[in-house]
Amino acid sequence: MTIALEPIQTKNAGIGIGLTDVAAASACPVRPVRLSTGRKADLPVEETTVEQTPDGAFRRQRNAFTARFGDAPGEVVPEFGRYHLLGAIGCGWNRRQRIVIRLLGLERAFPIEVIYGRDDQGWKLTRTPGSVAEKFGFDRLNDFYRLTDPDYAARGTSPSVIDSETGKVVTNNYHVLSLDLETAWKPFHKEGAPDLYPEPLRQEIDLLNQQLFDDVNNGTYKIIFATNKEAAEVAYAVLKARLADYDFRLKSRRYLFGPELTDSDVRLFQTLESFEHTYRPGIVEALGTDDVLHLWDFPNLWAYARDLFQTPGFIDDEELYTLGYTPDADGHYIAADLVSGDIELTAEQRRADYERWLEPAGREHLSGSPLYSGPGVGGSYELWQFARNVAPYGHKAPALPGDLLVRDLGDGLTLRLADPSEYEAVGKVLYEAFKTNGPMTEFYKHRLLDVPRRSAKEDIWVIVDGEGTLYGACTTVKPEFNTEPTFEFNTMGVLPIGRGHGLGKAFVEHSIAVGKAYGYHKVLIHSGPNMPYAHRLYQRCGFVRHRELETLVVDGGQRLLVFTYDID
């Protein structure tokens, strides 16, 4: 859901300069304190003083809160409605999250709130029913930052994710938030939601996203906030060349990676949509010349931008009004310029601008290859570890001996690696086994069933009879994805029909043997608190509980128990 703004009435207009007006006029490149620069527009102090290199180039501050959503140790487990996105409507870093939330149908699972009017005290909050501002009584985004870290002295940024239960900042890391929404929040996606971060392309998407950020998304700010004109000119040359590169790429491809939308398209759109009325005026001013490219100077890029603009989810009614495309109910428009502050367009010009965006893009016939000349070609993408589900440089494991890959348990039962064709059945076995332990959240249910995704990082072991009937399954972390000194086996489930026959013990002993074969000296398992039979099994097999290590809280507030086994 979107927590709506409450407009402030003015003397001369219906909505006039309501909260949405201030949000548009004061989004990402804002002016909290006036700084005399000799240029027509006053620029923000932090960006033009603190965030500068010695040679006058803009170097954006890093994000202070970088927690990730997921179910791994140290990650924040997604919880329906608990975490709120706070951001300015006109802020590109926030726009990309809003777009992804709409495309994936996460509006109710990940509520949106609007902040506005940044000044020397930081961003202002909108107090509306259900908002975190109302719940905690705060007026400024910085109040949440100080609650989280009393010593925090930097500026609170758009967007920020706030925990509605604690009032603390979870993350302001806009670089990877959309990726978490596309992966960790998958159990809450609407039916038919697009896969914006397909696993086979993730490393190349990560590399392209880095290029997009450096040269395009942040490239505009490198021009506008440079305090050295030569630095601004160099940044403009890079931006112009990169847009030409993408224009050629999109000549034969509907989207950046061919026929399907990806996270990269959302990131490029955020800058293209804002270019003419947000960034271009500031670039003209920074360079001191009107000889600055227009978006329509790149025909393929301009058609691509219109294609996305017209795609449901890329812009909503709130944004159309706030960004100056459509009027309010009384026919009044608001200014959409965020940088130079000197563009005044008539209602007719606004209407013509909007109609231009609605012209047919004519790109429906395009498909195209996901392969392109860069970045990441020559296999170089394999050298990089970025956002999620990319193998880190973990334990270099030897090959397992044959007697561990397939083990005869007697009585016609075999313990072996699952075939990918069995993954769906394995998921059902795990779900049926675990639901006997009591209620589970939708997130955990999805995690049990989504065996294909887990198989990227975990080995899937099963016990089957001679006819291929599954009686149980367990998973162990693949060594190349394990940077810890302990070998971890995770989910273990045995169907009720197979219990009492030693199958659970067989999985535990097998996991110990596999860990030993890989060269580990300790095996670890996290276990839910409502599984006493499993706990007794682990202890009978020689595992010891470690209460001091039990810091992981998941799945609706459950604190996981920790058991370890010393191999040597």
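**Reading a model, feature by feature**

Trainee: Where is V377 found?

Mentor: Look in the loop between α13 (347-357) and α14 (402-405). Keep in mind that this is a predicted model.

Trainee: Is V377 buried, partly exposed or exposed?

Mentor: The middle class runs between the 20% and 50% cut-offs for relative accessible area. V377 has 41%, so the label here is partly exposed.

Trainee: How far apart are V377 and E204 in sequence and in space?

Mentor: Sequence and space are separate things to check. These two sit 173 residues apart along the sequence, while their C-alpha atoms are 8.7 Å apart.

Trainee: How do I read a helix, say α18?

Mentor: Check its span against what is expected at 1.5 Å a residue. With 15 residues (503-517), α18 reaches 21 Å from first to last C-alpha, close to the expected 21 Å. Then see what is covered: the buried residues in α18 include L503, F507, I512 and V514. After the helix comes G519, with a positive phi near 95 degrees.

Trainee: Which residues form a nonpolar patch on the surface?

Mentor: L405, V406 and L417 do, sharing about 220 Å² of accessible area. L417 belongs to strand β7 (residues 413-417). At 31% relative accessible area, L417 is partly exposed.

Trainee: And how many disulfides are there?

Mentor: A disulfide is a covalent bond between the sulfur atoms of two cysteines. This structure holds zero of them. You can still look at cysteines one by one: C474 is buried at 0% relative accessible area, and C541 counts as buried at 15%.

How values were computed
Residues numbered from 1 in each chain as written. Predicted model: local features only at pLDDT ≥ 70, side-chain atom pairs only at ≥ 80, totals over all residues. Heavy atoms only, no water. Helix = DSSP H or I, 4+ residues; strand = E, 2+ residues; numbered from the N terminus. Expected span 1.5 Å × (residues − 1). Buried < 20%, exposed > 50% of the residue type's maximum accessible area, 1.4 Å probe, protein only. Disulfide = S-S within 2.5 Å. Patch = residues over 30% accessible without salt bridge, like charges linked within 9 Å, V, L, I, M, F, W, Y side chains within 5 Å. Areas by Shrake-Rupley, 256 points an atom, 1.4 Å probe, with all protein chains shown as cover. Salt bridge = Lys/Arg side-chain N within 4 Å of Asp/Glu carboxyl O.
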